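Trainee: Got a minute to go through a model with me? I'd like to start with how the chains meet.
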Amino acid sequence: MTPIETVEALAARVPDGAFVALPPDASLCPVALVRALIRRGVRDLHLLGVPISGFATDLLIGAGCVSALTTSAVTLGEAGLAPRFTAAMRTGALRLTDATCPAVHTALQAAEKGVPFLPLRGMIGTDLLADRTDWRVIDNPFAEAPDPIVLIPALVPDIALIHAAMADRFGNVWVGRRRELATIAHAARTTLVTAERLVEGNLMADERLAPGVISSLYVSAVAEAERGAWPLALLDLYPADAAHLDAYAKAARTEEGFRAYLAEHVLGPLPKAAE
Amino acid sequence: MTVSREELLIAAIADLIAAPNPHPVRHAAVGAASPIPAHAVMLARHRGLDVRLSLLQQRVGNPFTEGARELFDLAGQGRIDLFFLGGAQIDGQANINLVGTGTPAGSSARLPGNFGSAFMAFTVPRVILFREEHSPRVLVPKVDYVSAPGVSAAGVYRRGSPQALVTGRCVFAFDAVRARFTLASLHPGETRESIRENTGFDYDEPTHVPETRGPSEDDRAALAGPIRAALEDTYPQFCARVFGARAA
C-alpha cells in the first residue's frame with residue numbers, strides 16, 4: 001500500500017545526492033514539496049528538468065540544494081530569466097548539462113520501456129550534440145542510403161516529484177491530460193506525489209478519470225498539499241500568481257533579496273493561504 | 001489610428017505563412033512566448049488559409065493530452081508544418097543560438113537554453129525566424145553556439161529550412177541552397193542603410209526593396225475582434241497592450 005504522509009515526511013524521503021526529476025512550471029510542479037525540501041536542507045541534488053526547468057528549480061539552486069542540473073532550458077516564462085540559475089552559472093557553482101526537450105522525453109521513454117536507448121531525429125550539426133559525448137550517432141541500420149541518427153541513452157531518475165490535482169486513499173493520483181507525467185513516474189525508481197486534495201473511492205475504478213491517473217503501482221508515498229503548486233498554475237484549478245513570480249524575479253536578482261524571499265516564503269511561518 | 005509595430009509584424013508574418021511554398025501550412029504550433037506568431041497564424045486563417053493552430057500553453061482547452069511531448073511526437077511524424085524560432089544570436093546562415101554568448105557559450109551571458117529547437121528545426125518543414133531586436137548584437141556574422149543549424153549537410157535528415165527572418169526593422173528571405181539571406185522588405189521608417197548598419201552578417205540586396213505590407217483595415221478589425229477573443233486567454237498581457245483595455 002502507498003502510505004499517505006505529510007509534505008515534510010515526503011521531503012525526508014529524498015536523500016542528499018539524489019537524481020530528481022521535476023515537471024516544468026506549467027505542468028503540476030510540486031512547489032510546496034520543493035519548499036519542504038529546502039527546509040529539510042537537502043544537498044547535492046542532481047535535478048532533471050522534464051523537459052525544462054523554472055521557478056521550483058531556481059528556488060532549489062538559490063537555496064544551495066543543487067550541484068548538477070540536466071535540462072533543456074531554465075526560464076521563469078513571462079517573469080523573465082531565472083535569477084539564481086543565472087547567478088550560479090556566472091560563479092560556476094552549478095554543473096549544467098544542456099539538452100533539448102524531445103531528448104529528455106525520449107530518455108525517459110527508453111527507461112519506461114526498459115531499453116538502453118532510443119533513437120531521435122534532429123540535432124546533427126548542433127553544438128548541443130558536440131557537447132553531449134554521452135549521446136551517439138549511428139547509421140540507421142534499416143535505411144538503404146546513409147542515414148545518421150542520434151541515440152539517446154535511457155535516464156532513470158532516483159526520484160520523480162509531482163503535484164497531482166487529486167489522490168485517493170490507495171495512492172492513485174490524477175494528473176488529467178498531463179499524461180507525459182506518467183512517463184516520469186514509470187521511468188523513476190521512486191515517485192513522491194503531493195495532491196491538491198484527497199478523494200474518497202478508487203480513481204482507477206472510474207472509467208472517466210482512469211485515463212488521467214498514475215496508478216499507485218508507481219507511487220511510493222502521497223501527501224495532501226492544498227495550493228501545492230502555488231505560485232505556479234494548476235491545470236484549470238488556479239492560474240499562476242504572476243505578481244508573486246514577478247516579485248520573486250526582482251528580489252532574487254541579488255543574494256540578499258533571495259535570502260529575504262526564502263525567509264519570508266519558505267523558511268518562515270507558512271502563510272495559511274499558500275500551504 | 002496608426003498601425004502599431006505589433007500589427008505590422010503580425011501582418012508581415014501572415015503574408016509569409018500564406019506565400020506559395022512547396023510545404024503548405026495546414027498545422028502551425030506556437031509556444032508561450034510567441035503572441036505575435038500566434039496572431040499571425042490566426043490572421044492568415046482569417047484571410048482564408050485553411051490552417052489549424054495548436055497553442056502549447058493554452059491553459060483551458062489545450063490541444064494536447066501529453067503536453068509538449070505530444071508536440072514533439074507530432075513534429076517527428078511531420079504533422080506540424082510551421083514553427084517559429086528566435087535566438088539570442090542569429091547569423092547569416094540562419095543558425096540560431098539560444099544558449100548564450102561567449103566562449104564557451106554562456107560564459108559571457110547565459111540564456112535559458114535550447115528548448116526544442118535542436119529537434120524542431122529538422123522535423124518541421126517550415127520555420128520562420130522571428131526576433132524583434134534587430135541589432136549587430138543579435139544578428140551576428142557567426143553564432144557562438146549552434147542550437148539549431150539553418151542548413152545541414154546532404155544526407156542529414158531534415159524536412160526543410162528557415163523560410164525567412166522577421167525582425168523589428170525588416171523581413172529577410174532565406175535561400176537554403178546558398179545558405180544566405182536576402183533583404184525582402186523594409187518596415188516603415190527603415191532604409192537600406194539603416195538595415196546594413198544594424199545587421200552584423202552579410203546578405204544580398206535586390207535593386208528594388210519594397211516596404212513591408214502592413215495590415216488592411218479588415219485585418220485590423222479581425223485582430224481587434226474575433227482573433228483577440230480567441231487568443232486573449234493565452235496572451236492576456238499582449239492583447240491588453242496592443243488592442244487596448246477591454247470595454248466593460
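Mentor: Sure. Before we count anything: two residues are in contact if their C-beta atoms, placed from the backbone, lie within 7 Å. And keep in mind that this is a predicted model.

Trainee: Okay, so how many residues of chain A are in contact with chain B?
Mentor: On that cut-off, 35 residues of chain A touch 37 residues of chain B.

Trainee: Which helices of chain A supply at least two residues to that side?
Mentor: Helix H4 (83–91), helix H5 (101–113) and helix H6 (127–131) of chain A each do. The largest share comes from H5(A), with 3 residues.

Trainee: And what's the mix by class on the side of chain A that touches chain B?
Mentor: You get 15 nonpolar, 11 polar and 9 charged residues there.

Trainee: Switching topic: what does the domain assignment give for chain A?
Mentor: Domain 1 covers 4–100 + 156–267, and domain 2 is 117–153. Their C-alpha centres in chain A are 31 Å apart.

Trainee: Now chain B. What's the strand order in the open sheet of 3 strands?
Mentor: The order is E5-E4-E9 in chain B, and the pairing is mixed. Strand E5 (96–97) and strand E9 (139–140) of chain B are the edge strands, each pairing on one side only.

Trainee: Do E4 and E5 of chain B run parallel or antiparallel?
Mentor: Antiparallel: 2 bridges join strand E4 (residues 89–91) of chain B to E5(B).

Trainee: Which residue in E5(B) does Gln89(B) stand opposite?
Mentor: That's Asn97(B), across from Gln89(B).

How values were computed: Residues are numbered from 1 along each chain as its sequence is written. Chains are lettered from A and ligands numbered from 1 in the order in which they are written. This is a predicted model: local features need pLDDT of at least 70, side-chain atom pairs count only at pLDDT 80 or more; totals for chains, interfaces and linings use all residues. Two strands pair if DSSP finds at least two bridges between them. Helices (H or I, at least four residues) and strands (E, at least two) are DSSP runs, numbered from the N terminus. Domain bounds come from an automatic or database domain assignment. Ala, Val, Leu, Ile, Met, Phe, Trp, Tyr, Cys and Pro count as nonpolar, Asp, Glu, Lys and Arg as charged, and the others, Gly among them, as polar.
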